[in-house]
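Thanks for coming. I have one structure to go through today, and I will start with a single residue before moving outwards.

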Amino acid sequence: MPLARRTFLTALAGSAAVSCTSAAADQEDSDDPKGSADRADGTLRSRDAAAAAARRLLGRHADQLSFRPLPGAHDSFRVDGRPGSIRIAGTSPAVQLAGLRQYLKQVAHANISWTGEQLDLPGLLPAPPHALTGRANVPHRFVLNDTNDGYTGAYHDWAYWERELDVLALHGFNEVLVYVGADALYHRVLTGFGYGEQEVREWIPSPAHQPWWLLQNMAGPASGPVSAGLLAARARLGRRIADRLRELGMEPVLPGYFGTVPPGFAEHNPGAHVVQQGDWYGYRRPDWLDPRGPDFARVAAAFYRTQEEMFGPAKLYKMDLLHEGGKAGDVPVADAARGVEKALRTAHPEALWVILGWRRNPPKEIVNAVDKDRMLVVDGISDRLPTVPDRDADWGGTPYAFGSIWNFGGHTTLGANTPEWARHYDHWRTRPGGALRGTALLPEAADNNPAAFELFSELAWQDGPLDLRDWFEKWSVARYGGRDADAVAAWDVLRRTVYGTTRADGWAEGADGLFGARPALVASTAATWSPKQLRYDAAEFEDALDRLLAVRPQLRRSSAYRNDLLDVSRQALSNRSRALLPRVKDVYEAGDAAGLDRLARDWLGLMDLLERLLATDSRQLLGRWVAEARAWGSDDAERARLAYDQLSLVTVWGTRSGAEAGLHDYANREWAGLVGGLYRERWETYFAALRTALDERRPPRPIDWFALEEAWVRAPGRLLTRPTGDTYKVAVQVRERLRRA
């Protein structure tokens, strides 16, 4: 077994153990996977959990922090102290960390986000000029989309998750969706209902596609069955994630059972009533076991019992019935909802059913059939549709969380509808008789848009209306470690452009770039279901790049600055694709071969510059992402299957029929390896076809894009796994190139 694989599996072998006396012991592994869960209610563990997280995040500066519990029924914190001795009190370890973040932002002018950090702290931490206090204005602060484990990365290890959970706690979230290990849970449960061990493994998709299996959209891996070793490793990681959440005083939100079964359930269990769900984009959907019957009750009981054994206790369970075209057949939806709820209550009487809010989901047949007080709707379109005045009437007073999906498929576009957050959240929350009880951060992929991440996280802790101009100015100070006129100006430009969009046009995400589109002279978007035009002024946006480059040198040293400079440079380059493509179309239609050659060189030159920019940051490397997948494989064959699983998701997505129906490039992203690899190959092929068509005075011949894409996914060539180059220097080249255009 390769050394990297042995190290990786060793890291997954047990749950983290937080020492009562030493924060460093938090890094140690336990051979007992139940170890940390057994201490879930231990006061010593809870007391040390925030200190251990602070040490992981701040290193030696954490020695100047002390944490203590703060009595109270509502989540709140208080920060005070003297230089070198900062006292933080909070109602849970996670809330204490939320207090720490406010101290870092307001007093120390430091920043930790899920992309980049700035921790240029003095040797002696400064004292707050007055006590900092905060109180959550809603009880539910939910985070992560159902699709997160696919589009963010299905193959992250414990080191990734440990930091991710620390950062989420630091930003005040208290409910985190945990899907890792659900494959092992289904495998264990279903083998008790007549299915063979390998039969179940052949039905479970590979990890990158599992979110849609859990949503009951698809089943079966395209590249071979999941291995027993992979299931075991994912179960250990899922347990470790859930344990850490409980240690921090947060709630793991686990998948609930609503009837998903493989084909043949009725044959294995005579008398069972199963509704076949048909196909979804070229995949057979899982069958649906009728929730009204005794067979459903037996499977659900086994599911919840086994789930608690594997992952420990939970209070919230995520379930969406009949997702994206599911068929109820002869089962009344209201009765099905009551059956699902009964099974959940039987296993966990105090549990909360979490369900996605998306257009007409959940339907009134569901919310009117269940105990509304034990349901939470996490709304994905609170900031998207102008026809949604509020959600109280839509769901009959069912408690809901104000949510945003600013990102679909992991697109690397900057932006969010922040004016809608400022305009509606506090108004809906304080409406007399309103049902808003939380926030729900739901981008389809995490680890992007750090300003939006922080701003949205603060909604739940905001006292009164939000002043966006003031917020972005303060963000720039903490993000880079000091006040700088150019940084303030840059972020004011971003506030007015990419972060100044509204729901008036019916969108919540920015338009993706055309470098990642299947080539066409009339291409307007890379992903089928994305905005077809920019939602802000591109020329105004480019001023942010000039301003960021002018930030004084001592504030440019952090990964936070480099991240933001890369994001803005990438967006500026990407936007130019929309200005250049109509010119390509004009010269082609005019029969101007020389003009076509010139503009094709310009287009490919911009792509090459973008590739060089992206290669300067390890987080923008497709090769690193693929290497993470390969690290989970036990032999060459499995490593190849997992790499294909990861790569196919961000390119063809799945089957040919699914790709041609619109799924291709759904998860497009401007990463090094994609831009200079598949995307460049497609456009180079297309320009050559156009040039040949002009020479031969005929229409261009059709290109089988799926065949080209599938061949590239199978053999992408050498992909960088380590960054190369200097972000600032390449960003200067970007500015100069844009000025010449």
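Please find alanine 460, which counts as buried because its relative accessibility is 0%. Keep in mind as we go that this is a predicted model. Alanine 460 sits in the loop that joins α15, residues 450-459, to α16, residues 468-480. What does alanine 460 touch, leaving aside residues up to four places away in sequence? The list is Arg135, Ala136, Asn137, Val138, Arg141, Tyr425 and Thr439. There is also a distance to note here: the C-alpha atoms of alanine 460 and glycine 172 are 8.0 Å apart, with the two positions 288 residues apart along the chain.

Stay with the loops for a moment. Just before α15 there is asparagine 449, in the loop that runs from β19, residues 436-441, to α15. Asparagine 449 has a phi near 50°, which is positive, and it is not a glycine. For context, most residues other than glycine have a negative phi, and most peptide bonds are trans. Is asparagine 449 buried or exposed? Its relative accessibility is 2%, so asparagine 449 counts as buried.

The loop between β16 and α13 has a residue of this kind too, arginine 359. Arginine 359 is not a glycine either, and its phi is positive at about 50°. Here the accessibility is 43%, so arginine 359 counts as partly exposed. Proline 362 is found in that loop between β16 and α13 as well. The peptide bond leading from asparagine 361 into proline 362 is cis, and its omega is near -5°.

One more loop. Alanine 550 is placed between α18, residues 538-549, and α19, residues 559-589. With a relative accessibility of 38%, alanine 550 counts as partly exposed. Its C-alpha is 8.0 Å from that of alanine 487, and those two residues are 63 apart along the chain.

Now the helices. How many of the residues of α6, residues 182-190, are buried? The count is 8 of 9, so α6 is largely enclosed by the rest of the structure. The buried ones are Ala182, Asp183, Ala184, Leu185, Tyr186, His187, Val189 and Leu190. Their cover includes the helices α7 (197-203), α8 (210-214), α9 (228-247) and α11, and the strands β9 (251-255) and β10 (260-261).

Next is α12, a helix of 15 residues covering positions 333-347. From first C-alpha to last, α12 reaches 22 Å, close to the 21 Å expected at 1.5 Å a residue. The buried residues in α12 are Val333, Ala336, Ala337, Gly339, Val340, Glu341, Ala343, Leu344 and Arg345. A reminder that helps in reading such a list: an α-helix has 3.6 residues a turn, so residues three or four places apart point the same way. What do the buried residues of α12 pack against? They meet three strands, β14 (287-289), β15 (316-318) and β16 (352-357), and two helices, α11 (294-311) and α13 (364-367).

Two single residues in helices come next. Arginine 680 is in α24, residues 674-696. Its relative accessibility is 19%, and the limit for buried is under 20%, so arginine 680 counts as buried. Leaving out residues up to four places away in sequence, arginine 680 touches Leu604, Met607, Asp608, Leu674 and Val675.

Alanine 51 belongs to α2, residues 43-58. At a relative accessible area of 27%, alanine 51 is partly exposed. The C-alpha atoms of alanine 51 and alanine 527 are separated by 43 Å, and the two residues are 476 apart along the chain.

Finally, the protein as a whole. It has 26 helices and 19 strands. Why call the overall dimensions those of a compact globule? For 741 residues, such a globule would have a radius of gyration near 27 Å, and the protein's 26 Å agrees with that. Along the principal axes, the C-alpha atoms fill a box of roughly 75 × 70 × 60 Å. Of the 741 residues, 64% are buried. Among contacts with a separation of 6 or more, 75% join residues 24 or more positions apart.

On the outside, the protein exposes about 26500 Å², and carbon and sulfur atoms supply 50% of that area. As for charge, there are 92 positive and 96 negative side chains, and the centres of the two sets are 3 Å apart.

That is what I have.

Note on methods
Residues numbered from 1 in each chain as written. Predicted model: local features only at pLDDT ≥ 70, side-chain atom pairs only at ≥ 80, totals over all residues. Heavy atoms only, no water. Helix = DSSP H or I, 4+ residues; strand = E, 2+ residues; numbered from the N terminus. Rg over C-alpha atoms; globule rule 2.2 N^0.38 Å. Buried < 20%, exposed > 50% of the residue type's maximum accessible area, 1.4 Å probe, protein only. Contact = heavy atoms within 4.5 Å. Areas by Shrake-Rupley, 256 points an atom, 1.4 Å probe, with all protein chains shown as cover. Lys, Arg positive; Asp, Glu negative; His and termini not counted. Charge placed at Lys NZ, Arg CZ, Asp CG, Glu CD. Expected span 1.5 Å × (residues − 1).
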